[in-house]
Amino acid sequence: MSNVFIVFQDNDDSRPIIEAILADNAQAQATYPTGLVKIDAPGSLVVRRETIEELIGRPFDLQQIHVNLVTISGHIDEDDDQLSLKWNN
Amino acid sequence: MSVVALKPYAFPAKDVRENFPAPLLFIGWEDHLMFGTPVALPLPPDTPFGALGTAVLPGTYGYHPDFAKIDWTKVEWFKSGKPWKPDPAKSLADNGLKHKDVIRFRTPGLSGINGSCN
Amino acid sequence: MDTPVLKKKLGLKERYAAMTRGLHWDTTYQPMDKVFPYDKYEGIKIHDWDKWEDPFRLTMDAYWKYQGEKEKKLYAVIDAFAQNNGQLGVTDARYINALKVFLTGVTPLEYNAHRLFAHVGRQFTGTGARVACQMQSIDELRHYQTETHALSHYNKYFNGMHSPKHMNDRVWYLSVPKSYFEDACTSGPFEFLTAVSFSFEYLLTNLLFVPFMSGAAHNGDMSTVTFGFSAQSDESRHMTLGIECLKFMLEQDPDNVPIVQGWIDKWFWRGYRLLSIVAMMQDYMLPKRVMSWREGWEMYIEQNGESLFRDLARYGIRKPKGWVQACEGKNHISHQTYAVFYSYGAAAAFHTWVPEEEEMAWLSEKYPETFEKYYLPRWNYWREQAKNGNRFYQKTLPMLCQTCQIPMIFTEPGDATKIAYRESDYQGDKYHFCSDHCKEIFDNEPEKYVQAWLPVHQIYQGNCFKPGVDPTKEGFDPLLAVFDYYNFKVGRDNLDFEGSEDQKNFAAWRGDSVQGAKK
Ligand SMILES: [Fe+2]
Ligand SMILES: [Fe+2]
């Protein structure tokens, strides 16, 4: 199965997002190239608004992640509640 | 195949012979990648072919320790990649060289620093 | 005044529909085909523009909001960097040369991308595509400005950064990136998106903005990392535009498949060749190494590309034709490119140097099959010679590939001791290429590539001197006249790093600051 990945700048804004991804995607693995956090997951990966909100204790607009997003792979779908990445193979 | 376009598509080629003061000749030295790319030289068509080794190429390739050791009578020439026997006494034009032709030479026994093709 | 109040906030999908698709109308005074005359002639058949997807569903209002945030963050860093003399904190002044390449080679591309996306953002019949292109057009202008702004700080202290736009239009090696974009902008809108959004952005830019920017961070260049990642944060959207446009074309009509495959073959190869210079920066110009070009290639192209093309197989799309050769090239192109810049070091507006002992050891380790066998011998020789005051400078101009415009430095597939030569005859003239793929690109559209502005040929035609220069005058030095036309400051911008003004200044400034701290 192919991996999808998502990469963020390694900073304070990204931390709860990373934590949420790792909590919601059991197979996801994080690595830390200088300045970055790269998360790889087999097949698909989901970023959930609710999980992030629980971690930060306030409302969060998912589109906020654009500010610290560096790169992605896979097909994307986003609505108010989640952003998902997946390969169809 | 050709360009897909909305209107007739015809523009002049930039590098036709008339645009240069002399025809261009491309030259490469095989097995000597210290010169990582062949070179381009505008050379008058009446230049004797033999002048390449004595007058033209020393400035380009003289830095290499192999260059001084070349026996020009033993050099193997290629034109567009195919073996070719030019006459050193005749001019470039009389040897059949035209604008933007590419020639290469191999120097048997000389294949770069310690034989490394460098 | 009566302001209509919405009962409930719209969800993302409704908001996107209202703010994007809802802005479209079909024209009635003039036929739609006359208003949008350019998106059919390439042969791409579109039956339903409403099927265009923008999976991020970003609307203009949200766009401005997040871009504003990015700018504030970026400028806070740029200001802090300048105020704190950040230029003194980089590992080594050799590193600055990578920034010179970036500023003259990459930054002007951002501006071209801005113009081109503004153009195609007008030309598509579908609104979804138009809005995505317009956002990208603004992004690219932002990249051009922020890169120029961030790097202008270095221009105060280092040579070779004074005329990026002027140089991009003239200097021989900069015709490589310039011609890539000009080739793309003289295509139709669908080919343009395949070239720039899919091949360049989706497949290839990760290699520029991810490992190289990590490298900048590693070398203490806070300013470059920050503009790099800030630009890259727009890139996810750009990449998405690329892949969505591709899927859209493939899903709309089976007749589109062979056309798209041809573009993928062409633009993958064009982009791959363009990245040779990034390969060189990655392996040779970062004093502190993070990841080799080869490792970056494996991570971002081989693994990721395999997944992508496995996915596209259901549309009948296969990997680009040059794939296998490009993957073989991962062991060679950085070495071949840097070596040629070293050879032509008198004719570049940045410094080159012989890698240090530990750097060669690193290269041997990262390229066990190729570095020692093919490339180390020339470095050992050049180093010896340079020590004895005989530094190598090639003075005869190189032969260029008609398509990619790179000097003919690339070797035969399977034999790295032989330069690859390919040629075609067209209208009575010979045209030369670095590879099968560059030749095929030419053969498919010869009428286009015979117009190429090849810098070496332009020099020999006498078109690269300043107005009023008289080449027949006694003592005329053509090379110096060309450098003058390029705006090179000879002896400051060019030649070896060893002995350069940059080297001396940097050492003096760092020494000064140490002294200052003691006082
Ligand atoms: Fe950009
Ligand atoms: Fe080429």
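In this predicted model, C:Glu140 is buried, with a relative accessible area of 2%. Its companion C:His143 is buried too, at 1% relative accessibility. The two residues sit three places apart in helix α5 (residues 127-155) of chain C, which means that about one helical turn separates them. Both take part in holding a metal: the iron ion (ligand 1) is coordinated by C:Glu110 through OE, by C:Glu140 through OE and by C:His143 through ND1, at 2.1 to 2.2 Å. Read along the chain, these donors follow the spacing E-x29-E-x2-H. The short step at the end of that pattern, E-x2-H, belongs to the pair in helix α5 of chain C, C:Glu140 and C:His143.

Another buried residue of chain C is C:Ser276, with a relative accessibility of 3%. C:Ser276 is placed in helix α12, which covers residues 276-284 of chain C. When neighbours within four places in sequence are set aside, C:Ser276 is in contact with C:Ile333, C:Thr337, C:Ile406 and C:Phe410.

The view can now widen to how the chains meet. Two pairs of chains are in contact, and chains B and C share the most contacts. Chain A and chain B are joined by no contact, and their closest C-alpha atoms lie 31 Å apart.

How many residues does each chain bring to the contact of chain C with chain B? Chain C brings 52 residues and chain B brings 45 residues. Together the two chains bury about 4,200 Å², with 58% of this area on carbon and sulfur atoms. Three tyrosines stand out on the chain C side: C:Tyr381, C:Tyr421 and C:Tyr460 supply 15% of the area that chain C buries against chain B, more than any other three residues.

Charged and polar pairs also link chain C and chain B. The count of salt bridges between them is two. B:Glu30 forms a salt bridge with C:Lys418, in which the closest N and O atoms are 3.9 Å apart. Across this interface, 20 residue pairs are in polar contact, with both residues at pLDDT 80 or more. Several elements of chain C each supply at least two residues to the side that touches chain B, among them the helices α15 (333-343) and α17 (371-387) and the strands β2 (415-419) and β4 (429-433). The largest share of that side, six residues, comes from α17(C). Sorted by class, the side of chain C that touches chain B has 27 nonpolar, 14 polar and eleven charged residues.

The other contact of chain C is with chain A. Here 38 residues come from chain C and 33 residues from chain A. The area buried between chain C and chain A is about 3,100 Å², and 52% of it lies on carbon and sulfur atoms. Within chain C, the residues that lose the most area to chain A are C:Phe56, C:Tyr66 and C:Phe229, which together make up 19% of what that side buries.

Between chain C and chain A there are two salt bridges. A:Asp13 forms a salt bridge with C:Lys73, with the closest N and O atoms 3.9 Å apart. Polar contacts between these chains number 19 residue pairs, both residues being at pLDDT 80 or more. On the side of chain C that touches chain A, the elements giving two or more residues are α1 (12-19), α3 (60-83), α8 (189-209), α9 (211-218), α10 (222-252) and α13 (293-312). Which of them gives the largest share? That element is α10(C), with ten residues. By class, this side of chain C has 16 nonpolar, eleven polar and eleven charged residues.

A single residue of chain A offers a closer look at this meeting place. A:Asp77 is found in strand β6 (residues 75-78) of chain A. At 32% relative accessibility, A:Asp77 counts as partly exposed. Not counting residues up to four places away in sequence, A:Asp77 touches A:Gln82, A:Leu83 and A:Ser84 in chain A, and C:Lys13, C:Pro55 and C:Arg57 in chain C. With C:Arg57, the link runs from side chain to side chain, as a polar contact of 3.2 Å. Elsewhere in chain A, A:Leu22 lies 55 residues from A:Asp77 along the chain, and the C-alpha atoms of the two are separated by 19 Å.

Methods: Residues numbered from 1 in each chain as written. Chains lettered and ligands numbered in written order. Predicted model: local features only at pLDDT ≥ 70, side-chain atom pairs only at ≥ 80, totals over all residues. Heavy atoms only, no water. Contact = heavy atoms within 4.5 Å. Buried area = accessible area lost by both parts, 1.4 Å probe. Salt bridge = Lys/Arg side-chain N within 4 Å of Asp/Glu carboxyl O. Polar contact = N/O pair within 3.5 Å; in protein donor to acceptor, adjacent residues only side chain to side chain. Helix = DSSP H or I, 4+ residues; strand = E, 2+ residues; numbered from the N terminus. Nonpolar A, V, L, I, M, F, W, Y, C, P; charged D, E, K, R; others polar. Donors = N, O, S within 2.8 Å, 3.2 Å for Na, K, Ca; no water. Buried < 20%, exposed > 50% of the residue type's maximum accessible area, 1.4 Å probe, protein only.
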